[in-house]
Amino acid sequence: MKKIGVLAMQGAFAEHIAALRRLGVEAVPVRLTGEFKGLSGLVIPGGESTTIGKLMRDYSLVDELKKRISKGFPVLGTCAGMILLAKEVQGLNQHTLEAVDIRVKRNAFGRQVDSFEICLDIPVLGGLPFPAVFIRAPWIEKVGDGVEVLAKLPDGTPVAARQGNLLVTAFHPELTTDLRFHDYFLSIVNGNSKANSDEA
Amino acid sequence: MEKGAEKGEKGTWTVKTGLAQMLKGGVIMDVTTAEHAKIAEAAGACAVMALERVPADIRAAGGVARMADPVVIQAIQKSVTIPVMAKCRIGHFVEAQVLESLGVDFIDESEVLTPADESHHIYKHTFKVPFVCGCRDLGEALRRIGEGAAMIRTKGEAGTGNIVEAVRHMRAVMDSLRKLHSMSADELMAEAKVLGAPFELVQEVHKTGKLPVVNFAAGGVATPADAALMMQLGADGVFVGSGIFKSSNPELMAKAIVKATTHYKDPAIIAEVSKGIGAAMPGLDIKTIPEGELLAPRGW
């Protein structure tokens with residue numbers, strides 16, 4: 001059975017673990033570098049990006065994960081996870097994983113009273129609209145070559161993207177019962193293991 | 001700020017409880033100045049609570065404790081990018097309206113301030129901003145959720161640096177959750193009557209075995225081990241009130257409590273982060289506090 005890690009420094013990691021388990025894969029929390037062993041992919045959940053980033057640096061997870069990402073390790077980052085994966089974060093000198101060629105803006109929609117939910121058409125997930133929950137969410141300001149935008153708000157603002165085996169969303173698929181985004185991530189994980197049998 | 005979101009729905013239950021879910025596994029720290037807020041953020045706090053005085057000072061000052069001056073709250077909002085919470089008095093829905101208009105991210109309808117209404121809490125469903133409320137047991141938690149609280153915390157006994165009341169309240173909630181989960185359906189109405197809790201929520205807990213919202217520990221957390229204790233007892237995260245800025249080295253204490261909350265199951269890490277962080281805040285034995293000065297019994 002595939003084993004997926006969910007980064008558990010802080011945030012909604014239990015929700016991702018539950019979603020992945022509903023899809024029939026083994027999902028485990030990851031807090032230390034030793035826990036990467038045997039994982040076929042990783043989810044970086046929503047939470048506070050400053051908190052998660054700081055704890056990742058303190059426990060040497062940034063270097064470990066960068067190394068794996070450079071070898072094609074699949075990662076899904078939601079909200080804070082997207083911020084941590086982005087090459088550039090507007091208005092904040094945060095050391096991130098600098099993996100996905102996008103520029104994101106934190107708290108782009110405003111404070112909590114401006115948080116919202118909306119149904120979005122996401123072509124890679126098929127015909128039905130996807131319930132997208134945005135909580136003090138970032139958005140994508142700039143997209144580099146080789147990055148595919150997967151979802152946009154009605155005004156055209158990009159809010160989900162893919163670059164190779166890396167998947168980012170500004171919204172929280174783990175807060176809904178719709179498992180299609182996690183399923184899409186697992187299809188990337190499965191494609192990767194076919195291409196690269198080394199999962200150690 | 002309206003860009004992109006104009007077709008979305010704001011202030012929904014999913015959006016309100018969702019922010020609480022994003023705070024899980026984190027530490028929310030009481031701060032009274034922009035400078036303290038920056039220290040908290042740099043230490044890894046997942047949110048700050050903007051106050052005029054920390055609970056230990058409120059306890060010492062006596063008199064009527066009210067919502068903080070908007071100037072204090074706004075200065076803190078400008079200084080950090082993490083969520084900013086603020087407290088209003090129990091039942092004081094106008095203080096809550098003011099806090100919502102200031103754009104605070106979460107309102108704590110708190111027993112630490114002097115209650116404004118001795119029968120009623122705020123009806124929280126009508127607000128777009130989410131609320132967190134204190135509880136001592138499951139009945140109180142479900143009453144607050146029924147009124148619209150999107151997050152719950154134990155009351156503990158704020159400003160004492162003594163974890164005993166937070167432990168009592170967390171154990172009470174967890175014991176009742178287990179009991180309710182194992183009951184048969186025909187026992188639920190009688191149990192709802194005993195708990196003084198809405199029947200629909202009692203039924204929901206019976207089904208899931210969990211609270212319908214996130215539950216943090218609060219009221220007495222003073223050390224990294226205190227934080228990890230509450231996490232192991234089942235808390236989703238931790239509020240630290242006086243415990244940071246009444247300790248001898250707030251910066252080190254804040255960082256250590258953040259790490260102990262993440263690695264709460266790892267005693268070796270808790271030991272490591274507890275080294276050389278200075279003295280915890282001075283503590284108070286609950287038995288020495290006159291009954292009229294206890295904060296936890298406030299709330300109905």
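These questions and answers cover the contact between chains A and B, then one helix of chain B and one strand of chain A, in a predicted model.

Biologist: How many residues does each chain give to the contact, and what is the area buried between chain B and chain A?

Modeller: Chain A gives 42 residues and chain B gives 47 residues. Carbon and sulfur atoms give 58% of the area buried between the two chains. That buried area is about 3,600 Å².

Biologist: How many salt bridges are there between chain B and chain A, and what is the N to O distance for A:E15 and B:K24?

Modeller: The count between the two chains is 4 salt bridges. The cut-off for a salt bridge is 4 Å between the nitrogen and a carboxyl oxygen. The side chains of A:E15 and B:K24 meet in a salt bridge, with an N to O distance of 2.8 Å.

Biologist: How many residue pairs are in polar contact between chain B and chain A, and which element of chain B gives the most to the side that touches chain A?

Modeller: There are 19 residue pairs in polar contact, both residues being at pLDDT 80 or more. Elements giving two or more residues to this side of chain B include strand 1 (9-10), helix 2 (34-43) and helix 12 (250-262). By class, the side has 18 nonpolar, 15 polar and 14 charged residues. The element that gives the most, with 8 residues, is helix 1 of chain B.

Biologist: Which residue of chain B stands opposite A:F116?

Modeller: Strand 7 (residues 116-120) of chain A and strand 1 of chain B run antiparallel and are joined by 2 bridges. In strand 1 of chain B, the residue opposite A:F116 is B:K10.

Biologist: Which elements of chain B do the buried residues of helix 10 pack against?

Modeller: Helix 10 (residues 224-232) of chain B has B:P224, B:D226, B:A227, B:A228, B:M230 and B:M231 as its buried residues. After the helix comes B:G234, with a positive phi near 120°. The buried residues of helix 10 pack against helix 7 (164-182), strand 9 (238-240), helix 12 and helix 13 of chain B.

Biologist: Are the residues on the two faces of strand 3 of chain A buried or exposed, and what is the bridge partner of A:V43 in strand 4?

Modeller: In a regular strand, side chains alternate between the two faces of the sheet. A:G41 and A:V43 lie on one side of strand 3 (residues 41-44) of chain A, A:L42 and A:I44 on the other, and all are buried. Strand 3 runs parallel to strand 4 (residues 75-78) of chain A, with 3 bridges joining them. In strand 4, the bridge partner of A:V43 is A:L76.

Notes: Residues are numbered from 1 along each chain as its sequence is written. Chains are lettered from A and ligands numbered from 1 in the order in which they are written. This is a predicted model: local features need pLDDT of at least 70, side-chain atom pairs count only at pLDDT 80 or more; totals for chains, interfaces and linings use all residues. Side-chain values use heavy atoms; hydrogens and water are left out. Contact means heavy atoms within 4.5 Å. Buried area is the accessible area (1.4 Å probe) that two parts lose on being put together, summed over both. A polar contact is a pair of N or O atoms within 3.5 Å; within protein, one must be able to donate a hydrogen and the other to accept it, and residues adjacent in sequence count only if both atoms are side-chain atoms. Helices (H or I, at least four residues) and strands (E, at least two) are DSSP runs, numbered from the N terminus. Ala, Val, Leu, Ile, Met, Phe, Trp, Tyr, Cys and Pro count as nonpolar, Asp, Glu, Lys and Arg as charged, and the others, Gly among them, as polar. Two strands pair if DSSP finds at least two bridges between them. Buried means under 20% relative accessible area, exposed over 50%, partly exposed in between (1.4 Å probe, protein chains only).
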